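Please work through the exercises below with the coordinates open beside you, and try each task before reading its solution.

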Amino acid sequence: VLTGRTQEEIARGLEAAPETGKAASDMPKIITPMLAELGKGEPPEGGDWLYEIKWDGVRAICFIEGGKLRMISRNGNVIGKQYPELSILPHHLRARSAIVDGEIAALDGKGRPSFELLQSRMHVADASAIARLARSHPVVFYAFDLLYLDGRDLRVVPLIERKKLLKGILQADETVRYSEDFATSGADLLAAAKEQGLEGIVGKRAQSRYESRRSADWMKWKVVDSADFVICGYTEGDRHG
């Protein structure tokens with residue numbers, strides 16, 4: 001059941017995007033995810049951008065309806081069976097129906113996403129093996145966008161409003177988490193990500209709509225490790241000794 005505060009937030013979001021209209025819309029059956037372009041140089045400053053940690057995992061669009069979850073990968077594959085521990089997601093949303101965009105990640109002993117650990121889960125088909133891996137190498141889900149909620153298509157609503165709605169309806173725990181956003185210096189967050197051994201950051205325009213394509217409204221900066229090296233070569237001459 002939605003709280004009064006959440007209902008008010010929905011109303012404000014819809015006012016910001018009147019083209020959604022007042023009529024309810026059917027839930028889309030499939031959504032191609034919005035993708036970020038690779039950022040060059042320093043992340044832009046100013047209040048027009050929200051920054052998030054770039055989770056080193058598997059992208060997942062989650063369709064929740066009637067208490068059931070359908071999880072689709074970036075390439076359009078159904079992937080819910082590989083991650084049975086995430087079947088609890090519908091119980092963590094105060095919504096009858098919703099579409100949530102996020103990332104599946106496996107964490108190492110220091111709580112950092114490890115794609116190497118996640119690879120052991122990605123292509124397993126045997127049910128008993130999947131159950132065993134869910135216990136020994138559990139994953140978490142980082143929710144970072146809300147595309148549909150209880151009959152309303154929110155893709156034309158500004159990102160900052162979508163994220164407020166998501167945070168308002170999500171009941172997070174250790175398995176289902178909200179991917180925090182920061183209206184801060186992108187350069188500072190990128191430096192913090194490097195210090196923590198993370199993959200990088202994603203910057204998103206606060207007023208951006210959700211578009212099923214790669215867009216400059218979303219940018220990603222990866223941590224790059226660098227070091228100084230001396231390159232030596234040797235060519236055998238005419239004389240020896």
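**Exercise 1. Find which residues Glu52, Lys163, Asp181 and Lys204 belong with, by stating what links them, and then describe the surroundings of lysine 163.**

Step 1. In this predicted model, a network of salt bridges links Glu52, Lys163, Asp181 and Lys204.

Step 2. Lysine 163 belongs to helix H4, which spans residues 159-169, and the relative accessible area of lysine 163 is 3%. Since buried means under 20%, lysine 163 is classed as buried.

Step 3. When residues up to four places away in sequence are not counted, lysine 163 touches Leu50, Glu52, Phe144, Tyr178, Ser179 and Asp181, and two members of the network, Glu52 and Asp181, are therefore found in this list.

Step 4. A polar atom of the lysine 163 side chain also lies 2.9 Å from the backbone oxygen of phenylalanine 144.

Step 5. The helix around this residue can be examined in the same way: Leu159, Glu161, Arg162, Lys163, Leu165, Leu166, Gly168 and Ile169 are buried in H4. Eight of the 11 residues of H4 are thus buried, so the helix is largely enclosed by the rest of the structure.

**Exercise 2. Determine which parts of the chain the salt bridge between glutamate 199 and lysine 54 ties together.**

Step 1. The structure holds 15 salt bridges, and in the one that glutamate 199 forms with lysine 54 the closest N and O atoms are 3.1 Å apart.

Step 2. Glutamate 199 is located in the loop between helix H5 (186-195) and strand E10 (200-205), whereas lysine 54 is located in the loop between strand E2 (49-53) and strand E3 (58-65), so the pair ties together parts that are 145 residues apart in sequence.

Step 3. For the accessibility of the partners, glutamate 199 has a relative accessible area of 22% and is partly exposed, while lysine 54, at 16%, counts as buried.

**Exercise 3. Characterise aspartate 150 by its salt bridge, its accessibility and its backbone.**

Step 1. Aspartate 150 meets arginine 96 in a salt bridge, with an N to O distance of 4.0 Å.

Step 2. Arginine 96 lies in the loop between strand E4 (68-73) and strand E5 (97-106), and aspartate 150 in the loop between strand E6 (139-149) and strand E7 (152-153), so that parts 54 residues apart in sequence are tied together by the pair.

Step 3. Arginine 96 is exposed at a relative accessible area of 62%, whereas aspartate 150 counts as buried at 17%.

Step 4. Although aspartate 150 is not a glycine, its phi is positive, at about 45 degrees.

Step 5. For another salt bridge, consider arginine 155 and aspartate 153, whose closest N and O atoms are 2.6 Å apart; arginine 155 is partly exposed at 22% relative accessibility, and aspartate 153 is partly exposed at 21%.

**Exercise 4. Which residues and elements line the largest pocket?**

Step 1. The largest pocket has a volume of about 750 Å³, and 31 residues line it, with Gly57, Val58, Arg59, Arg74 and Glu103 lying nearest its centre.

Step 2. At least two residues of the lining are supplied by each of strand E1 (35-38), E2, E3, helix H2 (115-122), E10 and strand E11 (214-222). The largest share, four residues, comes from E11.

Step 3. Sorted by class, the lining comprises 14 nonpolar, six polar and 11 charged residues.

**Exercise 5. Describe the contacts of isoleucine 72, and then place them against the chain as a whole.**

Step 1. Isoleucine 72 is found in strand E4 and is buried, with a relative accessible area of 3%.

Step 2. Apart from neighbours within four places in sequence, isoleucine 72 is in contact with Ile30, Arg59, Ala60, Ile61, Phe63, Asn77, Val78 and Ile79.

Step 3. The C-alpha atoms of isoleucine 72 and proline 33 are 9.9 Å apart in space, although these residues are 39 residues apart in sequence.

Step 4. Over the whole chain, among contacts with a separation of 6 or more, 74% join residues 24 or more positions apart.

Step 5. The chain has 241 residues, of which 46% are buried, and its secondary structure comes to five helices and 11 strands.

How values were computed. Residues numbered from 1 in each chain as written. Predicted model: local features only at pLDDT ≥ 70, side-chain atom pairs only at ≥ 80, totals over all residues. Heavy atoms only, no water. Salt bridge = Lys/Arg side-chain N within 4 Å of Asp/Glu carboxyl O. Buried < 20%, exposed > 50% of the residue type's maximum accessible area, 1.4 Å probe, protein only. 1 Å grid on protein atoms, 1.4 Å probe; cavity = no way out; pocket = protein on both sides within 12 Å on 5 of 7 lines; lining within 4 Å. Points joined across faces, edges and corners; volume = space filled by probe spheres on them. Nonpolar A, V, L, I, M, F, W, Y, C, P; charged D, E, K, R; others polar. Polar contact = N/O pair within 3.5 Å; in protein donor to acceptor, adjacent residues only side chain to side chain. Contact = heavy atoms within 4.5 Å.
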